[in-house]
Amino acid sequence: MQKSTIIPSWLKGYKKEFLSGDLSAGITVGIMLIPQGMAYASLAGLPPVYGLYAAMIPQLIYAFLGTSRQVSVGPVAIDSMLIAATVGSIASVGPDNYLSAILLLTLIIGVFQVVFGWIGFGFLVNFLSKPVISGFTSAAAFVIGLDQLKNIFGIDIERGKSTFGVIKEIIYQFDVFNYSALVVGLIGIFLIRLTKKWSKKIPGSLVAVLAGLGVMFFIPLDIQVLGAIPQGMPTFQLPVFDIELIKHLLPSALAISLIAYMESISVSKALQMKHKGEYQIDNNREFIALGMADIVGSFFGAFHTTGGFSRSAVNDQAGANTNLANIISSGILFITLLFLTPIFESLPKAIIASIILVAVYGLVDTKYPKFLWKTKREDFYMLLITFVITFFLGIQEGILLGMILSLLLLVKRTAKPHIAVLAKLKGSSEYRNTKRFDDIEERKDILIIRQDAQLYFANCNYFCDKVKCEVEKKEKVKLLVLHFGSVSNIDSTALSALEDLVYDLKQEGIRTYFSDMIGPVRDFLTRVGLMHRLGKDHFFLDVQSAIDFYDKKGNQIEIRRNFERAIQSNDFEERKI
């Protein structure tokens, strides 16, 4: 982890030539964040002004703590929807304390991220597999889209309804659709898509907002608008600490903290590769930066944020060289909150819905499921299960089940690892899997087995049973060589099972040698005394060394043992006679 300093690294090495790019990117993203922030606040079930708070304060915090120089932090579609689903599903949270619950959730997410960063737990994101994320994200995009249809059609649907409930309400209210709102929403979608094709540097959402405001100015329509937006800076407020509420929020806060980090670190790594050699990403420092952005933001009305893909891409394309661009973006939002909020009061909600619909459309992934269907059916089914659960039961249930599925699949794969029987390739000293190579030389008195995973409590019995099964297949085995080159760890349960296996085979007259063992595993076996109990002459650098030693020394030992047995049975005397 990089050494922590008060002055960020990008500021210490700042150059004059960086300023024009940072200024251009800061203004572009700052303007883009105005409609985007309000849209994602609506998605989270909050008044639009809270989206501006979330777009301004966390971005400023990240600028001083983050290690990526192009990532733009703010509210994102998936996370906004997740916090709405989490808080909305808790029965005790009513309209009066809905905001307090979201700010409390934001604070808990931030605490999780800071703690994970401090203790170096960046690896935790590995427990969310890509199939689970893909299935969850695609289903969530459909759920978000269905929820926004109420603003496109100009109808009212009670928050918290299931997917079936939303679809039913839309069908029942078909006769009261507001077609003016529908036309405005479709215009918004068209303008955003057209702008994106024409120039990626121009924020399409801003074009849609200006068009919506223009329509309402010249042709006042009877459609739903944002209404009054509070002007001025957010005030400091402590989230309400309710122990029972915290207990309900903890599981979702943990899941969201990991997902948010993964979203941000993914785009950070991608942009760093583009600017290779200019700076380095510190994974744990990123965890802390995102966490502190949430913690500080939660005291000033900002709901949960993270690094966004589209926003960061625009930031990079517009010329951002350092995090000064984020500070400038934050300044644009500061000016908006002080002077410009009245302008947006007549903005149609259908335009906000169009921004969200275009954003979530990009979250639906059809290529990856097709790829998995052709290459890895097991992962495809996991993706499908996550999708179905998320779509029909809810977002919170989908993500929690997805994490459980990832862990179960991990346990399943490691509980029955790949185990190969090896034999020597003809004309070489290399040993390969007998099932993959035909040109091999197998000895009847030697069995070589390779374990292709760590050896621990969940798979040690499977490993031992497999070894015994292979020994039974070769009746004349005198030597077992365990190739442990792929064994990265052995726990105490596996150690006990391994000792029992060696002892049982010894009783059957079979010696056990170990080869290719990595340093950390050898160190562990030395500490626990196994190397001392077996003897160092049971451990070899490679398979060939083990076999050469057996041929030279092992046979001599075998001859001596046979000699001793013969004396004990008087067979030697009879032969002598």
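Which side chain meets lysine 473 in a salt bridge? Glutamate 470 does, with 3.4 Å from N to O. Before going further, keep in mind that this is a predicted model. The two partners sit three residues apart in helix α18, so about one helical turn separates them. An α-helix has 3.6 residues a turn, so residues three or four places apart point the same way. The two ends of this salt bridge have quite distinct surroundings: lysine 473 counts as exposed because its relative accessibility is 57%, over the 50% cut-off. Glutamate 470 has a relative accessible area of 11%, and therefore falls under the 20% limit for buried.

Now let's use α18 as a way into the strands. This helix covers residues 460-473, and the chain passes through it on the way from β6 to β7, in a β-α-β crossover that is right-handed. Strand β6 (residues 446-451) and β7 run parallel, joined by five bridges. If you want one pair to look for, take isoleucine 446, whose bridge partner in β7 is leucine 479.

What about β7 itself, residues 479-483? Five of its five residues are buried. In a regular strand the side chains alternate between the two faces of the sheet. Here you can follow that along the strand: Leu479, Val481 and His483 are on one side, Leu480 and Leu482 are on the other, and both faces are covered.

Carry on along the chain and the pattern returns. β7, helix α19 (residues 492-507) and β8 make a right-handed β-α-β unit. Strand β8 (residues 511-515) runs parallel to β7, and five bridges join the two. Leucine 480 has threonine 512 as its bridge partner in β8, while histidine 483 has serine 515.

Strand β8 is mostly covered too, with five of its five residues buried. On one side you'll find Arg511, Tyr513 and Ser515, and on the other Thr512 and Phe514. On its way to the next neighbour, β8 pairs in the parallel sense with strand β9 (residues 539-540) over two bridges. Serine 515 turns up again here, with phenylalanine 540 as its bridge partner in β9.

Let's leave the strands and turn to the surface. Which residues form the nonpolar patch there? They are Phe164, Ile167, Ile171, Tyr172, Trp373, Tyr381, Leu384, Val388, Phe392 and Leu393, and together they have about 1000 Å² of accessible area. Helices α7 (163-172) and α16 (377-393) each supply at least two of the patch residues, and α16 gives the most, with five. Tryptophan 373 comes from helix α15 (residues 367-375). It is partly exposed at a relative accessible area of 38%, so it clears the 30% needed for a place in a patch.

Helix α16 deserves a closer look. Its 17 residues should span 24 Å at 1.5 Å a residue, and its end C-alpha atoms are 24 Å apart, so the two values agree. Besides what it gives to the patch, α16 has buried residues: Asp379, Phe380, Met382, Leu383, Thr386, Ile389, Thr390 and Phe391. Just after the helix comes glycine 394, whose phi is positive, near 140°.

One of those buried residues, Asp379, leads us back to charges. Asp379 belongs to a network of salt bridges that also links Glu378, Lys412 and Arg413. How many salt bridges does the structure hold? The count is 13.

Two more of them make a handy contrast to the pair we started with. In helix α10 (residues 243-274), lysine 247 and glutamate 244 lie three residues apart, about one turn of the helix, and their side chains meet at 3.6 Å, N to O. Lysine 247 counts as exposed because its relative accessibility is 53%, over the 50% cut-off. Glutamate 244, at 47%, is partly exposed. The other salt bridge joins the side chains of glutamate 430 and arginine 432, with 3.3 Å from N to O. Here glutamate 430 is partly exposed at 39% relative accessibility, and arginine 432 is partly exposed as well, with a relative accessible area of 32%. Go back to glutamate 470 in the opening pair, and you have a salt-bridge partner that is buried, at 11%.

Note on methods
Residues are numbered from 1 along each chain as its sequence is written. This is a predicted model: local features need pLDDT of at least 70, side-chain atom pairs count only at pLDDT 80 or more; totals for chains, interfaces and linings use all residues. Side-chain values use heavy atoms; hydrogens and water are left out. Patches are made of residues with over 30% relative accessible area and no salt bridge: like charges are joined within 9 Å, nonpolar side chains (Val, Leu, Ile, Met, Phe, Trp, Tyr) within 5 Å. Accessible areas come from the Shrake-Rupley method with a 1.4 Å probe; for residues, only the protein chains shown count as cover. A salt bridge is a side-chain nitrogen of Lys or Arg within 4 Å of a carboxyl oxygen of Asp or Glu. Helices (H or I, at least four residues) and strands (E, at least two) are DSSP runs, numbered from the N terminus. Buried means under 20% relative accessible area, exposed over 50%, partly exposed in between (1.4 Å probe, protein chains only). The expected span of a helix is 1.5 Å times one less than its number of residues. Two strands pair if DSSP finds at least two bridges between them. A crossover is right-handed if, with the strands pointing away from the viewer, the path from the first strand over the helix to the second runs clockwise.
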